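Here's a two-chain structure to get to know. Take a look at the picture, and then we'll walk through some of its parts together.

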Amino acid sequence: MSSLNSNDGSLVEVIGLKKYFPARGDWFAQMLDRRQIKAVDGISFSVPTGTTLGLVGESGSGKTTTGRLIARLTKPTAGQVRYKSKDIAPVSGRQLKGLRRSVQMIFQDPSSSLNRRKTAGQIVKEPLRIHELVSKQAMESRLVELMEMVGLSHHFLNRYPHEMSGGQRQRVGIARALAVEPEFVICDEPVTALDVSIQAQILNLLMDLQDQLDLTYLFIAHDLSVVKHVSDRVAVMYLGKIVEIADTDALFSDPKHPYSRALLGAIPRPDPRAGKRMVLHGEVPSPINPPSGCRFHPRCPEQIGEICWQKEPDGITLPNGTSVACHLYADEGR
Amino acid sequence: MRSESLGISTESSGSIVFQWEDMVEDSRLLEIRNLVTRFYTEEGVVRAVDGNSLHLDAGETLGIVGESGSGKTVTALSIMGLIENPGLIESGSILFRGDELLEKTQQEMLEIRGKEIAMVFQDPMNSLNPTLTVGDQIARVLHFHTSLSRREKKRRAIELLRQVEMPEPEKRLGNYPHQLSGGMRQRVLIAMAISCNPTVVILDEPTTALDVTIEAQIFELVDKLKAQFDMGIILITHDLAVVANSCDRVIVMYAGRIVEEAPVIDLYENPLHPYTRGLLNSIPQLDKEKQERLPSIPGEVPELITLPEGCNFSPRCKYAVEKCMHDDPPIIKIAPGRRLACWKAGEFIE
């Protein structure tokens, strides 16, 4: 997926990004077993300022690792993450602290990502204190302001996480992320752990905040309906690779990659007349020893022959702007 | 057609609705009447299931949808006789083929559980014993309910794994749960559930922990098994899309109460309860045009210890009037197969 031309208004640009983890945990086991888990294996994409890129895939696709790499919570094995055209992989110390102000993360499970021993006020105050953004006198009013921004009254400042509902906890998580006035926010499955009636509230809040604060989002989720609702562009990941990147409308009306099609076909519709779901057989193979050629070929219903298991497909940009890594489109490149 | 004379009509959904009175009696597997299950905790009395009635017929899939705390899982545990201290089934009746389950002894329930009524739980990792191989776990169920020999049990276990479409069943027999993927673990649990040909299978969020492509595989399997063994299935889930795809009839629960019941097509084409409507509107839909904002239900699900007065949904309901805040709406039959608990029901039906 090559969009290497920089300075096209992209806030974040990812180029050939890789992250390998050792298959075994401790050093002794690693001596005996040098295999690696290729969690992210050479992906490239860019996120223009003020837009939302949805990142979808099943478990093991590498979407969460991608988010953590961009947030610099973990270092890449190879490749670049460019923030405002500057590679952030080698930064450390003071520079890294500056980056933390610009790039923030909202996590999936608000009950485990908030400190149980701290009140909502203390949780939201911490980043303000670390980055020395607000004077002691102004702190209280800034906290109230942040809480109101996420739809919580100031009474919540003194509550502990267990005294709040899941939706309220996620609002606190959002307030903490936004306290440092970031430009880029990585939302990692932000509504997955919430009840259905609360999900819509949080999605609306995230979209309102994007408008108000001019935020750029990387929105990671396995739920394609949610991703369709919030994203401008969507990247589909499978086993550490991006198989398709397309504008949201294009992806959902005319998915190109066989995996994207299967994923869309497998989603249940809230409509009893929608007809049977498409069933993709088999399971996601191990990322330690991914299949040769195209990683999807063992499960692919549209295989065209030898080339699929012999040659890894390159990203091809189609006339409608969709970029797809599949041999089906070898002759259609722009 | 002969089916005409029997009074069987085939609906557009493809499901067969029996209208012959005697047949209804015969095919009724479960009948729950006014079930009240409460938990006496230190913080107060949790009214988990608050006077609900429902039934299940052979060959149908009944969906029970609701959010956390709606009482859907406690309903299932009550049927299974698995309510433990501080929980208590206070009143009501659970008839299994006309037989009162609430009067059974522990020993009698042990016979029924697994053999007549089986349940598949949400998290396959926690419902399998990590120290036993797949083969041993299936053999344990068979040992309990059948008198098969060792060799027969092994053969039956392989046969069951084949039925649930486990890849390489002979090899998987010797695997431990941690060596299997989430989807395979769920297949093992389903194999255990159907091992004694139960008449009722309760699936409690069977695919919540699984990826969507694996979820589609599991539901394809469940449909196949249902047709093969003529079981009645209760599917408990929070996912309205899953219900639309795999159920014949749906019950919507909110804060311990059934608020609406309808055949699946009717529920989605003409939802009546304001909660059902709110839920259906609030989920982002793939086939709809992108909306700027999702219509959301304001507020939060109430605590079951401090339920509001009147209708449980009234504090969040945009149609609520004075009466809703004070009087509990009873659930009433409004059409064949449709029940509704809402004071404003009359207005919605017109």
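What covers the buried residues of helix 11 of chain A? Keep in mind that this is a predicted model. The cover includes four pieces of chain A itself: helix 9 (224-230), strand 9 (233-238), strand 10 (241-247) and helix 10 (248-253). Chain B joins in too, with its own helix 10 (212-229). As for what sits underneath, helix 11 spans residues 258-266 of chain A, and its buried residues are Pro258(A), Tyr259(A), Ser260(A), Ala262(A), Leu263(A) and Ala266(A).

**Chain A as a whole**

Let's step back for a moment. Chain A contains twelve helices and twelve strands. Along the principal axes, its C-alpha atoms fill a box of roughly 70 × 55 × 40 Å. Is that chain compact or stretched out? A compact globule of 334 residues would have a radius of gyration near 20 Å, and chain A has 21 Å, so the two agree. Of those 334 residues, 47% are buried. If you take the contacts in chain A with a separation of 6 or more, 64% of them link residues 24 or more positions apart.

**Where the chains touch**

How many residues of chain A are in contact with chain B? There are 33 of them, and they meet 37 residues of chain B. Helix 8 (196-213), helix 9 and helix 11 of chain A each give at least two residues to this side. Helix 8 of chain A supplies the largest share, with six residues. Sorted by character, the residues on chain A's side come out as 17 nonpolar, nine polar and seven charged.

**A sheet in chain B**

Now over to chain B, which has an open sheet of four strands in the order 4-3-6-7, paired antiparallel. In general, strands of a sheet pair through backbone hydrogen bonds, either parallel or antiparallel. Which strands are at the edges? They are strand 4 (44-57) and strand 7 (99-100) of chain B, each of which pairs on one side only. Strand 7 of chain B is joined to strand 6 (residues 87-96) by two antiparallel bridges. Have a look at Glu100(B) in strand 7 of chain B: it is the bridge partner of Leu95(B).

Helix 3 (residues 72-80) of chain B lies across strand 3 (28-41), strand 4 and strand 6 of that chain, and runs at about 70° to strand 4. The loop between helix 3 and strand 6 of chain B holds Pro86(B). A cis peptide bond joins Asn85(B) to Pro86(B), with omega at about 10°.

**Two residues with positive phi**

Finally, here are two residues that have a positive phi without being glycines, one in chain A and one in chain B.

| Residue | Phi | C-beta neighbours inside 10 Å |
|---|---|---|
| Lys84(A) | about 50° | 14 |
| Glu165(B) | near 60° | 17 |

Where do they sit? Lys84(A) is in the loop between strand 4 (78-83) and strand 5 (86-87) of chain A. Glu165(B) is in the loop between helix 7 (150-163) and helix 8 (169-172) of chain B. Why does Lys84(A) count as partly exposed? Because it has 14 C-beta neighbours inside 10 Å, while a buried residue needs 20 or more and an exposed one has 12 or fewer. Glu165(B), with its 17 neighbours, counts as partly exposed too.

Note on methods: Residues numbered from 1 in each chain as written. Chains lettered and ligands numbered in written order. Predicted model: local features only at pLDDT ≥ 70, side-chain atom pairs only at ≥ 80, totals over all residues. Rg over C-alpha atoms; globule rule 2.2 N^0.38 Å. Contact = placed C-beta atoms within 7 Å. Nonpolar A, V, L, I, M, F, W, Y, C, P; charged D, E, K, R; others polar. Pairing = 2+ DSSP bridges. Axes fitted to C-alpha atoms, helices over the stretch in contact; angles between N-to-C directions.
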